[in-house]
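Thanks, everyone. I would like to take a few minutes to walk through how some of the helices pack in this model, and then turn to the nonpolar cores.

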Amino acid sequence: IRCWSNIPFITMPLSRAHGKSFAHRSELKHAKRIVVKLGSAVVTRGDECGLALGRLASIVEQVSMLQNQGREMMIVTSGAVAFGKQRLRHEILLSQSVRQALHSGQSQLKDMAIPVLEARACAAAGQSGLMALYEAMFTQYSICAAQILVTNLDFHDEQKRRNLNGTLHELLRMNIVPIINTNDAVVPPPEPNSDLQGVNVISVKDNDSLAARLAVEMKTDLLIVLSDVEGLFDSPPGSDDAKLIDIFYPGDQQSVTFGTKSRVGMGGMEAKVKAALWALQGGTSVVIANGTHPKISGHVITDIVEGKKVGTFFSEVKPAGPTVEQQAEMARAGGRTLAALQPEQRAEIIYRLADLLTDQREDILLANKKDLEEAENKGRLALPLLKRLSLSTSKLNSLAIGLRQIAASSQDSVGRVIRRTRIAKDLDLEQVTVPIGVLLVIFESRPDCLPQVSALAIASGNGLLLKGGKEAAHSNQILHHLTQEALSIHGVRDAVQLVNTREEVEDLCRLDKLIDLIIPRGSSQLVKNIQKAAKGIPVMGHSEGICHVYVDTDASVEKVTRIIRDSKCEYPAACNALETLLIHRDLLRTPLFDQIIDMLRVEQVKIHAGPKFASYLTFSPSEVKSLRTEYGDLECCIEVVDSVQEAVEHIHKYGSSHTDVIITENEKTAEFFLQHVDSACVFWNASTRFSDGYRFGLGAEVGISTSRIHARGPVGIEGLLTTKWLLRGDNHVVSDFSEHGSMKFLHESLPLPQRNSS
């Protein structure tokens with residue numbers, strides 16, 4: 001704990017040898033010394049006269065937060081000219097109005113002409129006010145700030161350079177934030193073509209070059225350059241094909257077309273890139289980002305330091321493989337080619353993948369063994385997750401059987417006509433099934449998910465991006481290799497991509513222009529995080545699997561224990577496992593109830609009592625903390641209800657609309673339950689574990705959806721398709737169907753073509 005101005009704060013373990021920049025965004029959280037460069041467009045208002053006070057206050061708050069974490073923050077700021085311009089305009093208007101009033105007796109301000117203001121005079125008038133504003137803002141966070149004005153000479157004169165370096169180090173040592181600016185009141189106009197003077201010298205002609213020079217001089221870990229654009233684009237921002245460059249590498253500037261400079265300030269994007277590359281060469285990591293966007297400016301600096309995908313990150317380490325954006329584009333192109341194949345060709349790919357799963361069994365299990373050993377050695381996975389991570393010969397055989405089912409049932413999935421209408425004579429309309437586009441499937445500890453999802457994507461003609469957990473890295477790698485080997489038989493290898501880069505899930509969820517649907521497979525927390533992070537991309541799935549079994553008064557003794565045991569104990573980590581057992585009140589203290597409790601004890605299931613159940617017992621099990629709990633282990637809640645109606649109400653109040661079961665021999669009661677429970681899957685006298693794509697005959701599933709839009713329940717091929725409309729006419733125009741037109745609408749339903757019986 002360090003203290004400054006009697007305010008304690010925790011220092012972070014931030015230290016590293018300077019000399020080499022960070023290779024990946026994820027490493028930026030280790031940056032200790034940071035320079036934040038605020039461009040003129042960030043600091044000034046849209047009218048270029050005065051400061052953007054709200055934006056500036058937000059930046060100061062973020063810098064203060066990082067400073068109080070124990071980092072050493074420095075600011076290179078613009079804004080003195082704009083602030084001075086505002087002050088001088090006010091003075092001139094006031095002076096003119098007084099003179100005019102004296103001479104004419106009238107104050108006609110609208111006729112006043114404001115002369116062009118010289119920038120150096122504006123800077124002289126604005127420097128003190130700008131600094132006073134920074135001091136007032138930083139004081140709110142008990143942080144002291146200090147102003148330093150520099151010119152190019154301060155870097156070229158060795159003595160001045162040492163003095164500047166010493167001053168900055170002393171300020172940082174005292175936990176003071178230095179605020180640096182070029183001394184625009186005395187600085188000469190910049191010399192043309194003098195940005196870079198070789199490896200060791202950069203001419204300070206604007207605040208971009210000043211920030212880069214300062215960052216290298218001070219051996220800074222990170223330089224954040226904030227401007228009025230999102231980062232660096234491969235062509236001028238605003239042009240039709242402009243794409244934000246996530247990571248920029250030295251040498252890539254040949255592929256970039258620079259636009260004009262920002263609305264204010266002396267440097268353009270080209271100057272920023274030159275300065276950034278110079279700083280990168282000096283061992284400082286650089287991010288160029290937007291500091292003006294109202295939705296992100298309030299956290300842009302902290303997001304960058306946390307390693308989030310914001311702006312353009314400059315790196316000297318070029319990854320061997322494609323970026324995730326490139327992978328998404330490859331998946332889209334591959335998916336379109338896949339959709340254009342004949343159904344038999346897509347089925348052939350899936351059959352080949354099924355064969356590879358059994359033929360390459362030993363290699364797959366060896367890779368999986370590595371994952372299991374690493375997980376056990378690190379002790380980072382709970383037992384249920386270890387079970388999900390584990391593959392076996394029987395699992396691979398079941399996978400292969402499921403894939404062959406998918407292949408057999410996928411013959412007419414894409415391009416199937418589901419509606420035909422004759423709009424008018426020689427004008428026929430068809431609605432046909434088509435792939436959704438590019439799917440992003442994110443899964444934890446479930447390597448068997450990879451071939452299942454891949455097969456469903458292939459059958460439905462979708463491009464696929466897969467993001468698996470690092471705990472299954474070896475298993476996922478070999479399974480993806482086999483998937484691409486199968487795809488290669490018809491030249492569509494790129495349709496399924498495995499994301500191996502250090503992409504955060506949150507960053508993947510922002511690729512709304514590249515991804516059409518996100519399907520999370522994992523813990524409820526993973527699903528919730530993805531649903532929260534997804535911006536503009538629909539998410540298919542369920543956040544929780546709180547499944548109920550209701551035992552009615554007319555339940556069969558033989559069926560009850562079998563169904564409950566299977567629902568809870570067969571695979572307790574599954575999302576379709578029993579979590580809450582509802583017992584009709586009349587069954588308490590009966591032999592059937594005793595049999596249920598004895599069976600759960602034998603299976604070592606820990607019982608939690610619901611509030612109503614606990615009230616009937618003298619010595620009850622631990623009372624449940626919440627009736628909305630997904631245990632995912634050999635634990636369950638028991639609660640008592642007075643009727644089937646109360647069971648339905650309980651499920652609606654505390655369930656997750658996943659899978660719910662009634663055990664009864666009374667058909668009327670069962671039908672009431674089936675019709676009134678509003679869940680994706682509702683069963684009568686059957687285990688909750690039947691809620692599964694393979695068991696439903698879908699071959700496999702990409703997940704179980706509790707959504708009410710598009711797909712619900714286990715999602716197979718049908719859930720990965722959408723439709724489009726095809727209209728075939730012959731010189732038809734809408735005006736022919738007007739009141740006095742020559743044609744009339746028929747809207748006749750036409751028979752559908754015969755489906756492939758195979």
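I will begin with a pair of helices, go on to the cores, and end with one further helix.

Please keep in mind throughout that this is a predicted model. Two packed helices are described by the angle between their axes and the distance between the axes. For helix H11, residues 343–359, and helix H14, residues 393–409, the angle is about 170° and the axes lie 9 Å apart, which makes H11 roughly antiparallel to H14. On the H11 side the contact includes Ala347, Ile350, Tyr351 and Leu353, and on the H14 side it includes Leu396, Leu399, Leu403 and Ile406. Sorted by class, this contact holds 13 nonpolar, two polar and two charged residues.

Ile350 and Ile406 also appear in the largest nonpolar core, which has 51 residues, and they are among those that touch the most other members, a group that also includes Leu338, Ile349 and Leu464. The helix that gives the most to this core is H15, residues 449–460, with eight residues. If we leave aside residues up to four places away in sequence, Ile406 touches Ile350, and its other contacts include Gln452, Ala455, Leu456 and Ile717. Apart from the largest core lies another, of 38 residues, with Val36, Ile143, Ala145 and Val310 among them.

Finally, which residues of helix H18, residues 524–533, are buried? They are Leu526, Val527, Ile530 and Ala533, and, viewed down the axis of H18, they fall within an arc of 135°, so they line one face of the helix. These buried residues pack against strand S13 (438–443), helix H17 (505–508) and strand S16 (517–521).

Key:
Residues are numbered from 1 along each chain as its sequence is written. This is a predicted model: local features need pLDDT of at least 70, side-chain atom pairs count only at pLDDT 80 or more; totals for chains, interfaces and linings use all residues. Side-chain values use heavy atoms; hydrogens and water are left out. Buried means under 20% relative accessible area, exposed over 50%, partly exposed in between (1.4 Å probe, protein chains only). Helices (H or I, at least four residues) and strands (E, at least two) are DSSP runs, numbered from the N terminus. The arc is that of the directions from the helix axis to the C-beta atoms. Contact means heavy atoms within 4.5 Å. A nonpolar core is a set of buried Ala, Val, Leu, Ile, Met, Phe, Trp, Tyr and Cys residues joined through side-chain atoms within 4.5 Å. Axes are lines fitted to C-alpha atoms, for helices over the stretch in contact, and angles run from 0 to 180 degrees between N-to-C directions. Angles under 35 degrees count as roughly parallel, over 145 as roughly antiparallel, 65 to 115 as roughly perpendicular and the rest as oblique. Ala, Val, Leu, Ile, Met, Phe, Trp, Tyr, Cys and Pro count as nonpolar, Asp, Glu, Lys and Arg as charged, and the others, Gly among them, as polar.
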